[in-house]
Amino acid sequence: MATVAERSRAQKRPLVRRTSSTAPGGNRRHLGPLLAIAPFYVLFAVFGAFPVVFSLYLSFQDWDGIGSMRYVGVQQYKWLLEDSVFWHSVLNTFEIWFLSTVPMLFLALVIAFLLHSQVRFGGAYRVAYFVPNVTSMVAMTIVFGSVFAQSGLANSGLRAVGLDGVGWLSSEWGIKSAISLMIIWRWVGYNALIFLAGIQAIPTEHFEAARMDGANSWQTLFRVVVPQLKPVILFAAITSSINGLQIFTESQVLFQTDDVGTTGGPGQEGMTIVLYLWQKAFKDHQFGYGAAMGWVLFAIIALFTIVNWRLVSGNRDKGARRGR
């Protein structure tokens, strides 16, 4: 038997715990999982991180895509401040964004509320509303181009009810309205399904209480649904703003010209920021100028995101403080 002294020394002996480095195999047991996820990070570094960093570097260079680069500092950004076409494209983008995003989100909310009701063939309606979002926008822009032509379906419908035709593709607000309608057609169903998911998360007791209090459908929508749907509305507003400020396909295809370039239609009223960026970078081969324009667009989108976040989350915080 061990003596008292031997037992005392054994108790004082420090315990050695096996770590990943001292365990058999060491860190090699992590090698398999690391190799499994490595392709994602390699692809992200090559096609995601590197283009972003390179575009920032390129915005300070004068480069035509083939020859050597020439460092010009912030001169590209100074040229942007003096470029009247760029500021015209910024104004066009904001106007088209407002004409499309605001009514699109409202229509999506109404459609989601109607789909939440016990309507027949609800699943078929959901599929039908989502189909425009997965349809080729190039093909649909060609279709909309024929619809908005001077003798197209839109003007034929207006003349059928005794109204004059509209120069959808020749007048300032006609061009902006045509592009806005295409954006609404594409995204209203997508956002309606997002709103529908948020509405279905609202407890049914709230709808039953509103019904017992005699609230009609509009009162239920604006006094029960909207206050509890603000986080979802915030998400939809931010994503719609990001998409709305990057309009390209609609203007580029709708006013396609023979020289593979476009000015956004008559008077450049359909010229957007991304369309002007594409024209400068890939048609005029001013890649540094296009990169600078891209970073200015990034700053505008970031500012819009912050404003939307402050507006929606600020109102939500005020409402929470009143409820205490």
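## A cluster of rings

Six aromatic residues, F50, F54, Y57, W63, F282 and F287, are joined into a cluster by ring pairs. The model you are looking at is a predicted one, and a search through the whole of it turns up 18 aromatic pairs.

One of those pairs is made by W97 and F304, which meet edge-to-face, with 5.1 Å from centre to centre and 85° between the planes. W97 belongs to helix α4 (residues 84-116) and F304 to helix α14 (residues 287-323), so this pair ties together parts that lie 207 residues apart in sequence. W97 has a relative accessibility of 15%, so this residue counts as buried.

## A tilted pair and a charge over a ring

Another pair to look for is F148 with W168. Their ring centres are 5.1 Å apart and their planes stand at 45°, so this pair is classed as tilted. F148 sits in the loop between α6 (137-147) and α7 (153-160), while W168 sits in the loop between α7 and α8 (172-200), and the two are 20 residues apart.

Are these two residues buried or exposed? F148 has a relative accessibility of 5%, so it counts as buried. W168 is buried as well, with a relative accessible area of 14%.

A ring can also have a charge for company. The charged end of K176 sits over the ring of W173, at 5.6 Å from the centre of that ring.

## The chain as a whole

Stepping back, the secondary structure of the chain adds up to 14 helices and 2 strands. The chain has 324 residues, and 36% of them count as buried. It exposes about 19,600 Å², with 65% of that area supplied by carbon and sulfur atoms.

How do contacts run along the sequence? Taking those between residues at least 6 apart in sequence, 67% join residues at least 24 apart.

## Helix α4 and its partners

Helix α4, the home of W97, also meets helix α11 (residues 230-244). The axes of these two helices come within 10 Å and cross at roughly 145°, and the crossing is right-handed. On the α4 side the contact is made by T93, W97, T101, M104 and L105, and on the α11 side by A236, A237, S240, S241 and G244. W97 therefore appears both in this helix contact and in the edge-to-face pair with F304.

I96 is found in helix α4 too. Its relative accessibility is 0%, so I96 counts as buried. Leaving out residues up to four places away in sequence, I96 touches K176, I179, S180, I183, I247 and T272. K176 in that list is the residue whose charged end sits over the ring of W173. For I247, the C-alpha atom is separated from that of I96 by 8.8 Å, although the two residues are 151 apart along the chain.

## Around helices α13 and α14

K280 lies in helix α13 (residues 273-283). With a relative accessibility of 16%, this lysine counts as buried. Setting aside neighbours within four places in sequence, K280 is in contact with H285, Q286, Y289 and M293.

H285 is placed in the loop between α13 and α14. At 43% relative accessibility, H285 counts as partly exposed. Which backbone feature marks H285? Its phi is near 60°, a positive value in a residue other than glycine.

Q268 is a further residue with a positive phi, of about 55°, although it is not a glycine. You will find Q268 in the loop between α12 (249-254) and α13, where it is partly exposed, with a relative accessible area of 24%.

Further along, R310 is found in helix α14. What does its relative accessibility of 64% say about it? R310 counts as exposed. The C-alpha atoms of R310 and L234 are separated by 9.7 Å, and these two residues are 76 apart along the chain.

Conventions. Residues numbered from 1 in each chain as written. Predicted model: local features only at pLDDT ≥ 70, side-chain atom pairs only at ≥ 80, totals over all residues. Heavy atoms only, no water. Phe/Tyr/Trp six-rings, centres within 6.5 Å; stacked < 30°, edge-to-face > 60°. Helix = DSSP H or I, 4+ residues; strand = E, 2+ residues; numbered from the N terminus. Buried < 20%, exposed > 50% of the residue type's maximum accessible area, 1.4 Å probe, protein only. Lys NZ or Arg CZ within 6 Å of the ring centre and 35° of its normal. Contact = heavy atoms within 4.5 Å. Areas by Shrake-Rupley, 256 points an atom, 1.4 Å probe, with all protein chains shown as cover. Axes fitted to C-alpha atoms, helices over the stretch in contact; angles between N-to-C directions. Left-handed = near helix turned anticlockwise from the far one by under 90°.
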